[in-house]
Amino acid sequence: MSFNNPQFAPLEISPTTDEPFLRIEGFDDIIITPPRWDDAPRFMPYMNDPRVYQWMQGPPVPYLLSDARKWLGHIRSLSDNVLADLEAARDKSELIKVGDCPVSMIRKVNEDGSELQIGAIDILRCCRWGEVVKSLGDPDIYVVDMTRKVENAKINYERDVGNPEIIWEFGDYLAPAFHGRGIMTAAVKTIMKKWALPRMNTRIVRAVRFSGNIGSKKVFLKNGFRHIITLPDHTVVRGETKTLDVYQWELAQSEEGSTAL
């Protein structure tokens, strides 16, 4: 990895692993790095812990090594593509906009320099929940229109890199031993402030959570998200019908003084 490529800003480059990383604000020993190929067996136990998967929509239970490797391959390709774009643009005078965040794995740096993967935070294009739309009568109110679900998801996926109308979505988890320390709240703030806004031109972000996930609710409310709609009995996860709460952040809110990162 190039140590003198200005396109990597504000990423730092680790002299130990030669990887880019973001240091989570307020935690000197917690960083966010690209995914690594050997991460799969490390995060697999988290995905099989009910304290983690009970709040997640996607992962199958039991979560197998093959599942971990499949997901890792997906997010690793996104990271590699961004890093390649940054390297290709090294001679450009202005920082380019990119289509993803190259760092997603949350790691604790131990005193001896070794690292422990303790969670993940992904900010990806929102290709679900296209049915959640603004009311025609009042743009501050959101409603459900199932007839627009597929079309809106397709439109969002096809928007050009840097388009401020792209709706992004956070997905995250943290090892239970590190719950309740404010790490994820700081991680969301770090990703938003240091990368999503300046490098992806992010202007709209959602977080969709099971109702009752008080911890995650606090994470996003503290970062200026607002609750826009509850979706009763909206999805079935592992055989159970779940009610969802949708939280959203928009740059316009920040400009009006109601949102601060």
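**Legends to close-up views of a predicted model**

**View 1. Strands β10 and β11 pair in the antiparallel sense.** The pairing of β10 (residues 226–237) with β11 runs over 8 bridges. The coordinates come from a predicted model. Within this pair of strands, I229 stands opposite V246 of β11. The two strands form a hairpin, with 2 residues between them. One residue of the turn, R238, has a positive phi of about 50°.

**View 2. Strand β9 also pairs with β11 in the antiparallel sense.** Strand β9 covers residues 204–210, and 7 bridges link β9 to β11. I204 has E250 of β11 as its bridge partner. Strand β11 is thus a partner of β9 and of β10.

**View 3. Strand β11 is largely enclosed by the rest of the structure.** The strand comprises residues 240–250. Why is β11 described as largely enclosed? Of its 11 residues, 8 are buried, so the rest of the structure encloses most of the strand. Buried here stands for a relative accessible area under 20%.

**View 4. The surroundings of C101 hold no disulfide partner.** The structure has 0 disulfides. For C101, the closest cysteine sulfur is that of C127, 17 Å away, which is too far for a bond. A disulfide would require the two sulfur atoms to be within 2.5 Å. C101 is buried, its relative accessible area being 11%.

**View 5. C127 is in no disulfide.** The cysteine sulfur nearest to that of C127 belongs to C126, at 7.0 Å. Is C127 buried, partly exposed or exposed? With a relative accessibility of 36%, C127 counts as partly exposed. The limits for that class are 20% and 50%.

**View 6. The chain as the setting of the close-ups contains 7 helices and 11 strands.** Its radius of gyration is 18 Å, close to the 18 Å given by the globule rule for 261 residues, so the chain is as compact as a globular protein of that length. The C-alpha trace spans about 55 × 45 × 35 Å along its principal axes. Buried residues make up 49% of the 261 in the chain. Of the contacts between residues at least 6 apart in sequence, 67% join residues at least 24 apart. The accessible surface amounts to about 12900 Å², and carbon and sulfur atoms account for 53% of that surface.

Key:
Residues are numbered from 1 along each chain as its sequence is written. This is a predicted model: local features need pLDDT of at least 70, side-chain atom pairs count only at pLDDT 80 or more; totals for chains, interfaces and linings use all residues. Side-chain values use heavy atoms; hydrogens and water are left out. Buried means under 20% relative accessible area, exposed over 50%, partly exposed in between (1.4 Å probe, protein chains only). Helices (H or I, at least four residues) and strands (E, at least two) are DSSP runs, numbered from the N terminus. Two strands pair if DSSP finds at least two bridges between them. The radius of gyration is taken over C-alpha atoms; the globule rule is 2.2 Å times the number of residues to the power 0.38. Contact means heavy atoms within 4.5 Å. Accessible areas come from the Shrake-Rupley method with a 1.4 Å probe; for residues, only the protein chains shown count as cover.
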